[in-house]
Amino acid sequence: MSDNTLGEYLRARRALVRPEDAGLRVTGVRRTPGLRREEVATLAGISADYYLRLEQGRDRNPSAQVLDAIARVLGLDATATAYLRGLASASGSGAAAPDRARGSRGGRGDRVPTGTLQLLEVVGLPAFVENRAFDVLAANPLASALAPGMRAGENRLRTMFLSSTERERYPDWEQQMGGMVAAFRSSIGTDVVDPSITSLVGELSLGSEDFRRLWARHDVRPLAGGTVRMWHPEVGELELRREKLGIGGTDGQLLVLHHAEPGSPSAAALALLGSLAAGAAGGAAGGAGGAAGRLGTTSSTSYDLD
């Protein structure tokens, strides 16, 4: 990750704005994608030299008014504008920021509360817990049956971009992944210096051209739920609602649940998947001579619980 994150962000977003969308008349052939630096400066009401210094990282203390003007020109929404302000604040402070986005490597922020683990056992829906880096910290068997990437110990970004079988499960893969990468950038924030995050981004950038392309856009979206279409080899197509709920007392952990509209074909398919998962768990429990394989059993990488 660059030490000039503000400049990187401005260049990436500038390249995505069509001149006509900014109210500019286009004549002739343009060799620069998106807006030129001087065009952004003019539309934002600042000097071209000052804007150049911002992109080059030679001025790291823009005012709130300047940032808001640039955000307006670049067409940033509220989430992206807040992200831009955060980049400027982190850039201007010059201080190392607190490490908030640890992966599942033993940090205290990865300890899933006991009550949440119990909830996973009884909720009756595919559910898992993830941290800021999209590491799956705990999951119930129904979530793991729904998709392999929802197992404890997996990183959802790594699974989605580096596993061809996982990609085949999502008919809207391109759209889903664009949103996922944008949410990941929002999740890790603007002040993360955790080497595990840098390592993950590097691994994905080397292993996936799609990730490199999406990451280079610098899109930012809130960590919100939505509708997801999936294909499952045993129960067929499902259209599910995904909910993301913050877990109090943790460093950004989210409880992620999937549910279907009552009475819909997807609800029937999800119920069938639950029956299949319960049968498989029951067989495993019988073979082991115990009840550890029942449907409610939750797998977790967090053994030192709060």
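**Buried residues, salt bridges and nonpolar cores**

In this predicted model, Gln176 is found in helix α10, which spans residues 173-188. With a relative accessibility of 14%, Gln176 counts as buried, because the term applies to residues under 20%. The side chain of Gln176 reaches the backbone oxygen of Thr227 at 3.5 Å. When residues up to four places away in sequence are not counted, Gln176 touches Thr227, Val228, Arg229 and Arg242.

Charged side chains were examined next. Side chains of opposite charge can pair when their charged atoms come close. Across the whole structure, the search finds 22 salt bridges. One of them joins the side chains of Arg14 and Glu55, with an N to O distance of 2.8 Å. This pair links distant parts of the chain, since Arg14 belongs to helix α1 (residues 5-15) and Glu55 to helix α3 (residues 48-56), the two being 41 residues apart. Arg14 and Glu55 are both buried.

Glu130, in strand β1, takes part in two of the pairs described here. In one pair, the side chain of Glu130 meets that of Arg156 in a salt bridge of 2.8 Å, N to O. Here too distant parts of the chain are linked, with Arg156 in helix α8 (residues 156-162) and Glu130 in strand β1 (residues 127-130), 26 residues apart. Both of these residues, Arg156 and Glu130, are buried. In the other pair, Glu130 forms a salt bridge with Lys244, whose closest N atom and the O atom of its partner are 4.0 Å apart. Lys244 lies in strand β4 (residues 236-246), 114 residues from Glu130 in strand β1, and this pair likewise links distant parts of the chain. Lys244 is buried, as is Glu130. Elsewhere, Arg167, Glu174, Asp210 and Arg213 are joined into one network by salt bridges that share partners.

The nonpolar residues were considered last. The largest nonpolar core contains 40 residues, and those with the most contacts inside it are Met150, Leu157, Phe161, Tyr170, Phe184, Met230 and Leu240. Helix α10 contributes the largest share of this core, 7 residues. Met230, leaving aside neighbours within four places in sequence, is in contact with Leu146, Ala147, Met150, Arg169, Tyr170, Pro171, Gly236, Glu237, Leu238 and Leu240. Apart from the largest core lies another, of 26 residues, which includes Ala69, Leu74, Leu76 and Val220.

Note on methods
Residues are numbered from 1 along each chain as its sequence is written. This is a predicted model: local features need pLDDT of at least 70, side-chain atom pairs count only at pLDDT 80 or more; totals for chains, interfaces and linings use all residues. Side-chain values use heavy atoms; hydrogens and water are left out. Helices (H or I, at least four residues) and strands (E, at least two) are DSSP runs, numbered from the N terminus. Buried means under 20% relative accessible area, exposed over 50%, partly exposed in between (1.4 Å probe, protein chains only). A polar contact is a pair of N or O atoms within 3.5 Å; within protein, one must be able to donate a hydrogen and the other to accept it, and residues adjacent in sequence count only if both atoms are side-chain atoms. Contact means heavy atoms within 4.5 Å. A nonpolar core is a set of buried Ala, Val, Leu, Ile, Met, Phe, Trp, Tyr and Cys residues joined through side-chain atoms within 4.5 Å.
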